[in-house]
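Colleague: I am new to this structure and would love a close look at one part of it. Could you take me through the main pocket and then the parts around it?

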Amino acid sequence: MVVWTVANHKGGVGKTTTTVTLGGLLAQAGHKVILVDTDPQASMSYYFGIDSEQLSSSLYDVFMGGRDFNKDLVMDCLCPTKLDSLFILPATMALATLDRKLGTKNGMGLILRKALDKISDEFDYAIVDCPPVLGVLMINALAASERVIIPVQTEFLALKGLDRIMHSMEIMQKSLAKVFEFSIVPTMYDRRVKAATDALQKLETTYKENVWSGVIPIDTKFRDASQAQSPPSLFCPKSRGVYAYIKLLDYLKKLGPNNV
């Protein structure tokens, strides 16, 4: 199973849209996909109409299971979607308590990776939607990943969020003795706006080979897809935004040795 984590310290840059759209495209291409919501705000869970506060189990139960959880526990937490091969491991507000409950215990940064290992024979891809703050949840999301996808809105304030996630990854690399493979994805791009083109140029100059050569444009169809609780690739497959994500997915699948 290939594991990608979508992360940035700034909210509103397209993390959930990126997770959902890539997941939908992979599922429609015949892959079995799990989307993991590690944000206590549960935006991705609500995207699919899942009210995780009403569920009998969620990602919180996986964490609270500690080292004793098994495959059945993880599988029991999954929720279906409109696509038969796309499943959600939902978040809940209780995740916000994990730093207090688990933050000082050894090995708590590897729970998600171990949970995904338990179900690796059931799925081709896992895509993890990250919270915007560094804590036990982001640590778990990064530790589980084979590639970090960093959506960055093409405006200068968003570049600061990129600086912070890069710093967090540096810290994590030292503690895990692991080098993160990462790809920066320019999002919400409007070529008519000079600030957007300037920000894109700054990204390409500063990070060079780690910046995807394409862009995700502003597309109101994404908002409509969210309202319909459907992946954009299913709701508006011919939209310019989905077309851009198709190109991004092709790029990501070609990058590493862990291709499916």
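Modeller: Happy to! In this predicted model, the largest pocket has a volume of about 610 Å³. Its lining is made up of 28 residues, and those closest to the pocket centre are G12, G14, T16, T17 and M188. Three elements each give two or more residues to that lining: α1, α2 (43-47) and α10 (221-227). Sorted by class, the lining holds 12 nonpolar, 10 polar and six charged residues.

Let's stay with α1 and see what else surrounds this helix. The axes of α1 and α12 come within 10 Å and cross at roughly 75°, which makes α1 roughly perpendicular to α12. On the α1 side, the contact is made by T17, T18, T21, L22, L25 and L26. Their counterparts in α12 are V242, Y245, I246, L248, L249, L252 and K253. T17 is thus a residue to look at twice: it is among those closest to the centre of the largest pocket, and it also belongs to the contact with α12. By class, this contact between the two helices has nine nonpolar, three polar and one charged residues.

Now for the sheet. Seven strands form an open sheet with mixed pairing, and their order is β3-β4-β2-β5-β1-β6-β7. At the edges stand β3 (79-80) and β7 (182-187); each has a single partner strand, so one side of each is left without a neighbour in the sheet. The partner to follow here is β6 (residues 147-153), which pairs with β7 in the parallel sense over six bridges. To find this pairing on your screen, look for I149, whose bridge partner in β7 is S183.

Both helices we have just met pack on this sheet. Helix α1 (residues 15-28) touches β1 (2-6), β2 (33-37), β4 (86-89), β5 (125-129) and β6, and its direction makes about 165° with that of β5. Helix α12 (residues 240-255) touches β1, β5, β6 and β7, with its direction at about 170° to that of β7.

For a second helix pair to set beside α1 and α12, try α6 (residues 111-118) and α7 (residues 136-144), which pack at an angle of about 45° with their axes 7 Å apart. These two helices are therefore oblique to each other. Here I111, L112, R113 and L116 of α6 meet N140, A141, A143 and A144 of α7. The residues of this contact divide into six nonpolar, one polar and one charged.

Technical notes
Residues numbered from 1 in each chain as written. Predicted model: local features only at pLDDT ≥ 70, side-chain atom pairs only at ≥ 80, totals over all residues. Heavy atoms only, no water. Pairing = 2+ DSSP bridges. Helix = DSSP H or I, 4+ residues; strand = E, 2+ residues; numbered from the N terminus. Contact = heavy atoms within 4.5 Å. Axes fitted to C-alpha atoms, helices over the stretch in contact; angles between N-to-C directions. 1 Å grid on protein atoms, 1.4 Å probe; cavity = no way out; pocket = protein on both sides within 12 Å on 5 of 7 lines; lining within 4 Å. Points joined across faces, edges and corners; volume = space filled by probe spheres on them. Nonpolar A, V, L, I, M, F, W, Y, C, P; charged D, E, K, R; others polar. Parallel < 35°, antiparallel > 145°, perpendicular 65-115°, else oblique.
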